[in-house]
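Thank you all for coming. I would like to walk you slowly through one structure today, so please have a look at it before I begin.

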Amino acid sequence: MPSTAPVPLSSSRPALPRDPSRDAPARRRRRPRDVALVVSALVVLVATLVVAAWAGLTFGGTASTGLGTGRDAAADTVGSASGAGPALDPGATGEAGGLVPDGTTAFDVDLPALAGLDPRLLDALQRAATDASSDGVDVVVNSGWRSAAHQEQLLRDAVAQYGSAREAARWVATPATSAHVGGDAVDIGSWDATAWFSGHGAAYDLCQIYENETWHYELRDGAARDGCPPMYRDPTEDPRMRA
Ligand SMILES: [Zn+2]
């Protein structure tokens with residue numbers, strides 16, 4: 001009974017940072033043991049590294065499934081990643097953040113930009129691209145899934161380019177509102193491809209959403225039957241952009 005009261009106080013003591021200058025003299029007096037300590041510390045370090053490398057490989061394979069579960073609330077991600085394929089990191093930039101090399105196609109699923117798309121959107125895109133190809137039209141993918149960090153960079157660039165946040169908002173969404181960050185939009189090229197999609201996209205439930213973005217397509221269920229919904233003039237008219 002008397003021993004219970006001091007326990008919380010004394011148990012927190014060892015957690016305090018140790019004073020290195022106090023430890024030093026004690027170590028110097030025990031030379032032979034120091035060697036043994038260093039050797040065992042090295043063994044522990046190597047073992048830790050091996051375990052960390054193994055864990056890194058394991059987590060690398062599962063990280064993509066974590067994205068859709070709201071690891072980054074600001075990214076507003078929908079369950080887009082299918083689990084296999086490259087990891088999707090909301091903080092990544094460059095190719096890992098969704099940047100695509102020139103000439104990327106709908107089938108370059110090793111790229112996060114494609115791997116991060118809603119699997120249904122990816123499937124529709126691939127079917128459309130295959131049929132477009134039969135019509136002699138090559139579809140390139142200029143953008144698909146984007147990390148929140150990549151989207152933020154695009155927004156900063158747009159504000160610089162258009163001179164104001166208000167004008168930039170007509171073209172680039174925030175990380176919280178962008179359908180790209182959610183894996184729900186794809187930007188296609190070239191001009192031939194956008195023309196082909198304008199005429200045939202709806203048959204695959206693929207719809208142009210904004211009048212000013214002839215390249216931006218999203219999945220709209222029922223479009224193959226009922227046609228695509230009316231377009232917004234630009235993203236500022238889209239209620240989703242007012243998050
Ligand atoms: Zn777009």
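Let me start with a question: in which sense, and over how many bridges, do strand 3 and strand 4 pair? They pair in the antiparallel sense, over 3 bridges, where two strands are said to pair if DSSP finds at least two bridges between them, and where helices (H or I, at least four residues) and strands (E, at least two) are DSSP runs numbered from the N terminus.

Before going further, I should say that this is a predicted model, in which local features need pLDDT of at least 70 and side-chain atom pairs count only at pLDDT 80 or more, while totals for chains, interfaces and linings use all residues. Residues are numbered from 1 along each chain as its sequence is written.

Taken as a whole, the protein has 9 helices and 4 strands, and along the sequence these follow the pattern α-α-α-α-α-β-α-α-β-α-β-β-α. Buried residues make up 29% of its 243 residues; a residue counts as buried if 20 or more other C-beta atoms, placed from the backbone, lie within 10 Å of its own, as exposed if 12 or fewer do, and as partly exposed in between.

Returning to strand 4, we find Cys207 opposite Glu218, and Asp187 opposite His216. Strand 2 also pairs with strand 4 in the antiparallel sense, over 2 bridges. Both faces of strand 4 are covered, with His216 and Glu218 buried on one side and Tyr217 and Leu219 buried on the other.

Now to helix 5, residues 119-134, whose 16 residues reach 23 Å from the first C-alpha to the last, close to the 22 Å expected at 1.5 Å a residue, that expected span being 1.5 Å times one less than the number of residues. Its buried residues are Leu121, Leu122, Ala124, Leu125, Ala128, Ala129 and Ala132. Seen down the helix axis, they fall within an arc of 165 degrees, so they line one face of helix 5; the arc is that of the directions from the axis to the C-beta atoms. On the other side of helix 5, Thr130 and Ser134 are exposed. Among the elements covering the buried residues are strand 2, strand 3, strand 4 and helix 4.

Helix 4 is also where Pro112 lies, and Pro112 counts as buried because it has 30 C-beta neighbours inside 10 Å. Pro112 and Trp145 are 33 residues apart in sequence, yet 6.9 Å apart in space, C-alpha to C-alpha.

Note on methods
Contact = placed C-beta atoms within 7 Å.
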